[in-house]
Every structure is written in C-alpha cells, then in structure tokens.
Amino acid sequence: MIEIKFEPNTFTLDVTGHAEHGKKGEDIVCSAISILFYTLAESLNQAKHLMQEDIDITNDDGNGHISCKPKEEYEANVSLMYWTILNGMELIANNYEKNVSLNVVGQN
C-alpha cells in the first residue's frame, strides 16, 4: 500500500510504499501517485525564488519526501501548489482504497 502523509503546517509531503495494484512497471496506481509527486517537486523547483531556504526533495525506491519553507508572503501560493496535488492524490486514494492511504495531519 502507498501511504501518503501531508503536514500542511510544515509544507511536508511523504509518500512511502508500493501500490501493488499491478506488475512492477505496469502499476497504474503507482504511476499516478508518482507523477503527482514529481509534478509537485518540479513545480516547487521552478518556484525556488518563493522559498526561504533550499527545498528538500528525496525519492528512493517508492519512498518520497518533499518539504520546503516558503517566504511568508508566498505561503498561500505554495500551499495552493501542495493542495492541488493533494486533491489528485485524494481522488486516487478514494478510488483505490486498498492501494492508497492518505493522511492530512491536523484534519479529521
């Protein structure tokens, strides 16, 4: 199962595990989550000028981590980037409940 954890207060996204919905290299659930993760990473990289410090991005065999610290005046912009991606991940989690778990820290 892919486990997604988002902490909005710290702009931190962690994605761990494997969907196990299909064969490695052919798993549409894994592919969908992966492309959303990479889209957020690239969007943040293109918006480096909005950040107080370097963006922390790691990805190692199904375990991905993104965190950043936007300048105060750009927090809403960066938050919108995260929430747009999280909306896509939530759609996938709702449609593939056996393969994806989404946890937004601080929300019920």
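Q: What radius of gyration does the protein chain have, and what would a compact globule with 108 residues have?
A: The protein chain has a radius of gyration of 14 Å, which agrees with the value near 13 Å for a compact globule with 108 residues. The radius is taken over C-alpha atoms, and the globule rule is 2.2 Å times the number of residues to the power 0.38. This is a predicted model: local features need pLDDT of at least 70, side-chain atom pairs count only at pLDDT 80 or more, and totals for chains, interfaces and linings use all residues. Residues are numbered from 1 along each chain as its sequence is written, and side-chain values use heavy atoms, with hydrogens and water left out.

Q: What does the C-alpha trace span along its principal axes?
A: The C-alpha trace of the protein chain spans about 45 × 30 × 15 Å.

Q: How many helices and strands are there, and which pattern do they follow?
A: The protein chain has 2 helices and 5 strands, in the sequence pattern β-β-α-β-β-α-β. Helices (H or I, at least four residues) and strands (E, at least two) are DSSP runs, numbered from the N terminus.

Q: How much of the chain counts as buried?
A: Of the 108 residues, 34% count as buried. Buried means under 20% relative accessible area, exposed over 50%, and partly exposed in between, with a 1.4 Å probe and protein chains only.

Q: Turning to charges, how many salt bridges are counted?
A: The count comes to 1 salt bridge, where a side-chain nitrogen of Lys or Arg must lie within 4 Å of a carboxyl oxygen of Asp or Glu. The side chains of Lys5 and Glu7 meet in a salt bridge, at 3.6 Å from N to O. Lys5 is partly exposed at 37% relative accessibility, and Glu7 is partly exposed at 24%.

Q: And Asp27: where is the nearest side chain of opposite charge?
A: That side chain is Lys24, 11 Å away; Asp27 is buried yet has no salt bridge. For charge, Lys and Arg count as positive and Asp and Glu as negative, while His and the chain ends are not counted.

Q: What lies around Asp27, then?
A: Asp27 is in the loop between β2 (12–16) and α1 (28–46). A polar atom of its side chain lies 3.2 Å from the backbone nitrogen of Cys30. Leaving aside neighbours within four places in sequence, Asp27 is in contact (heavy atoms within 4.5 Å) with Ala19, Glu20, His21 and Gly22.

Q: Is Glu20 buried or exposed?
A: Glu20 is exposed, with a relative accessible area of 66%. Glu20 has a positive phi of about 55° although it is not a glycine.

Q: Which other residue has a positive phi, near 50°?
A: Phe11 has that value and is a residue other than glycine. Phe11 lies in the loop between β1 (2–7) and β2 and is buried, with a relative accessible area of 10%.

Q: Which residues does Ser67 contact?
A: Leaving aside neighbours within four places in sequence, Ser67 is in contact with Phe11, Thr12, Ile55, Asp56 and Tyr82. Ser67 is in strand β4 (residues 63–67) and is buried at 15% relative accessible area.

Q: Last topic: where is Met81, and how far is Ser43 from Met81?
A: Met81 is in helix α2 (residues 75–95). Met81 and Ser43 are 38 residues apart in sequence and 7.5 Å apart in space, C-alpha to C-alpha. Beyond neighbours within four places in sequence, the contacts of Met81 are Leu40, Ser43, Leu44, Ala47 and Leu50.

Conventions: A polar contact is a pair of N or O atoms within 3.5 Å; within protein, one must be able to donate a hydrogen and the other to accept it, and residues adjacent in sequence count only if both atoms are side-chain atoms.
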